[in-house]
Amino acid sequence: METSSTSPLTVNYDLRASIADLESVNPWVGLWRFVLLGTLCLSFGILAWLSPNLFLFLSYTAIAGVIYAFWLVCTHDAAHHTLTGWQWFDEGMSRLISYPMLWPYGTYVQLHRLHHAWNGIDLRDPERVQWTMSEYQQAQPWQQWYVRHQWIIDIFGLGGFGLIAKMVSNGMRFRPLLPALQRSLLIDGLGIFVIQTSFAMIAILQGRFGHYLLFWLVLERVIGIIVQVRDHLEHYGLWNTQNGHRLTQLYACRNLNTSTWVAWLMGGLNDHAVHHAFPKIPFNHLSIAFHRIQGVLERHQLPTMSRGNGYIREALHLSSQPLFISGTVE
């Protein structure tokens, strides 16, 4: 893909210089986003539990689930300490909102670092969703069927439970490589157990354990759909290695055109390539950085980053047929 005759070091220097002033975090911007989404989510959750009939209960729960999904996106910023920049807040509050949904936040943080290091480079990437052609050819018939229908199965079938299982499985898998994963898995497991046991006991004492199970199931379904779509769109079909890590990230990640409010809800991750190349840029500066980086790439006669046509349209397009990485399993 690379066509510039300029030294990769020069390109990297110019890219770095172009966004140098965008890496400072304004804690109040992230705090406002976190508090607003949290307030809306909890408000609809409370309305659900106060509802006199099942239809309203399910409706309010579904709305709470949509907002909860975007609230959980804040934990991604927190993992990079770009939500508020206050480490105690970013770490503590992320665990507090992740554990009710059984999401092992500490394990995710450890594995996400590997993802940033390995995306487009090392097939062991724990967040890779695209199969290689070699993997597909060597797979069992039922696995090949899964790959051909991967988007539908992951988004509407496996959902949130699938993401949790994948995270825990990779946490166990990479423990020899990252010893800190053992501690993260234990802390996450304990935190999830304490919070879920507390909620379950309250529901039992109120004689509403059935509603409690239904409440979390609806949240899991709704959140799972949104997060799985995002998870697939960010990299599917773009695996490639360039001359240097930063250029690899710019071309192995998907940017998406979307409205300002959707970009805000997604924490700026519609400019995902920018985030991967410069993970210290807070969400509210990613769009500005996108245009600056495009200018640098143009000056060096390198291909500019592309932008897909929104989350829904791009998901429909990419899910129409499976795409494979032309490589072998490492």
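Two exercises follow, one on the enclosed space in this predicted model and one on a glutamine side chain.

Residues are numbered from 1 along each chain as its sequence is written. Local features need pLDDT of at least 70 and side-chain atom pairs count only at pLDDT 80 or more, while totals for chains, interfaces and linings use all residues, and side-chain values use heavy atoms, with hydrogens and water left out.

**Exercise 1.** Describe the largest cavity by its volume, its lining residues and the elements that supply them.

*Solution.* Start with the volume, which is about 430 Å³ (a cavity being a set of points, on a 1 Å grid over the protein atoms alone, where a 1.4 Å probe fits but cannot get out, and a volume being the space filled by probe spheres set on the points, joined across faces, edges and corners). Next, take the lining, meaning residues with an atom within 4 Å of a point: it has 23 residues, and those closest to the centre are Trp 103, Tyr 108, Leu 163, Met 167 and Val 227. Finally, two or more lining residues come from each of helix 3 (54–79), helix 5 (105–118), helix 8 (150–173) and helix 10 (209–233), helices being DSSP runs of H or I with at least four residues, numbered from the N terminus.

**Exercise 2.** Decide whether Gln 249 is buried or exposed, and find the partner of its side chain.

*Solution.* Gln 249 lies in helix 11 (residues 245–251). Because its relative accessibility is 0%, Gln 249 counts as buried (under 20% relative accessible area, with exposed being over 50%, for a 1.4 Å probe and protein chains only). Its side chain is then found to be joined to that of His 276 by a polar contact of 2.8 Å (a pair of N or O atoms within 3.5 Å, one able to donate a hydrogen and the other to accept it).

Methods:
1 Å grid on protein atoms, 1.4 Å probe; cavity = no way out; pocket = protein on both sides within 12 Å on 5 of 7 lines; lining within 4 Å.
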